[in-house]
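Here is a short briefing on one protein model. Look over the fold as a whole before turning to one sheet.

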Amino acid sequence: MKSIVATLDIATGRETIIYETERHLEAPNWTPDGETLVVNGNGRLFRLPIAAPSLIEIDTGFATALNNDHGLSPDGRWLVISDASRTPESCIYTLPVDGGVPVRVTSKTPSYWHGWAPDGQTLAYVGKREETRGSFQVFTCSVAGGEETQLTTDFDHCDGPDYSPDGNWIWFNGEKDGDVQLWRMRPDGSDLQRMTADERVNWFPHPSPDGRHIVYLAYQAGTSGHPANKDVELRLLPAGGGKPNALLSLFGGQGTLNVPSWAPDSRRFAYVRYEP
């Protein structure tokens, strides 16, 4: 399976291919300087310079079982990763952006990171706990660790919590009775609002840095979970709600758009598509 890392200009619809490889890559982040993507593959993390694309491995110390839920702090100084090297299930850690020894954040597992608050102080993630009765719900905690706060309770499954750039909302996908739509809520879990209502199975909403748009992954109706190797669409939704616009159809799914991947100028976002 070939991995194709690409970007899409939301104004022109033009795709630009950054890198192609037979290696399995997932989940590009865009660095705040606009010069580099960060991707994962085979449990490791890599820089991918846009001007001269090649995979440069990032030293993540003992963490060598990374999944595709990783990202950068708002100031670009830190990385956050989700890794299962020292725990039976995924745990969240931070480390310097140039590499180093990971510092554990979440005391409970499984925990999968998805959003960093604009003030740099809080992380949003999903976790499955005894008190959630086997379902994944949205949590937040300080980037320094400590007690976590559960924000959702009434969903069968939640994923992809990501902050709006003003810090006023957390967007996420939530499933109720098999229907997966996009939702948003205040950072304390209040004022819950459903933002899509269609036949698609909608995952991983990411607000643009200018606060105007939400890009997300839309599976075909009837899809269970967020599997790989499916015909999917990348869609754009006004941040205030409204009719979504289908930007691109591609072969992908899991690994395509799991984490925040907007360019700093809000004109483009990065993703991975696959070719058998």
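How many helices and strands does the protein have? This predicted model has zero helices and 23 strands. The radius of gyration is 17 Å, close to the 19 Å that the globule rule gives for 276 residues, so the protein is as compact as a globular protein of that length.

**Overall dimensions and packing**

- The C-alpha trace spans about 45 × 45 × 35 Å along its principal axes.
- Of the 276 residues, 53% are buried.
- Take the contacts between residues at least 6 apart in sequence: 38% of them join residues at least 24 apart.

**Surface and charge**

- The exposed area of the protein is about 11300 Å². Carbon and sulfur atoms supply 45% of that area.
- There are 24 positive and 36 negative side chains. The centres of these two sets lie 2 Å apart.

**A four-stranded sheet**

- Strands 7, 8, 9 and 10 form an open sheet in the order 7-8-9-10. The pairing is antiparallel.
- Strand 7 and strand 10 (103-104) stand at the edges. Each has a single partner strand, so one side of each is left without a neighbour in the sheet.

**Strand 8 and its surroundings**

- Strand 8 covers residues 78-83. Five of its six residues are buried, so this strand is largely enclosed by the rest of the structure.
- In this assignment, buried means under 20% relative accessible area.

**Strand 7 against strand 8**

- Strand 7 covers residues 71-72 and runs antiparallel to strand 8. Two bridges join the pair.
- Gly71 stands opposite Val80 in strand 8.
- The two strands form a hairpin, with five residues between strand 7 and strand 8.
- Gly76 lies in the turn of that hairpin and has a positive phi of about 75°.

**Strand 8 against strand 9**

- Strand 9 covers residues 91-96. Six bridges pair strand 9 with strand 8, in the antiparallel sense.
- Which residue in strand 9 is the bridge partner of Trp78? The partner is Pro96.
- Asp83 stands opposite Cys91 in strand 9.

**To take away**

- The protein has 23 strands and zero helices.
- Within the sheet 7-8-9-10, strand 8 is joined to strand 7 by two bridges and to strand 9 by six.

How values were computed. Residues are numbered from 1 along each chain as its sequence is written. This is a predicted model: local features need pLDDT of at least 70, side-chain atom pairs count only at pLDDT 80 or more; totals for chains, interfaces and linings use all residues. Side-chain values use heavy atoms; hydrogens and water are left out. The radius of gyration is taken over C-alpha atoms; the globule rule is 2.2 Å times the number of residues to the power 0.38. Buried means under 20% relative accessible area, exposed over 50%, partly exposed in between (1.4 Å probe, protein chains only). Contact means heavy atoms within 4.5 Å. Accessible areas come from the Shrake-Rupley method with a 1.4 Å probe; for residues, only the protein chains shown count as cover. Lys and Arg count as positive and Asp and Glu as negative; His and the chain ends are not counted. The place of a charge is taken as NZ of Lys, CZ of Arg, CG of Asp or CD of Glu. Two strands pair if DSSP finds at least two bridges between them.
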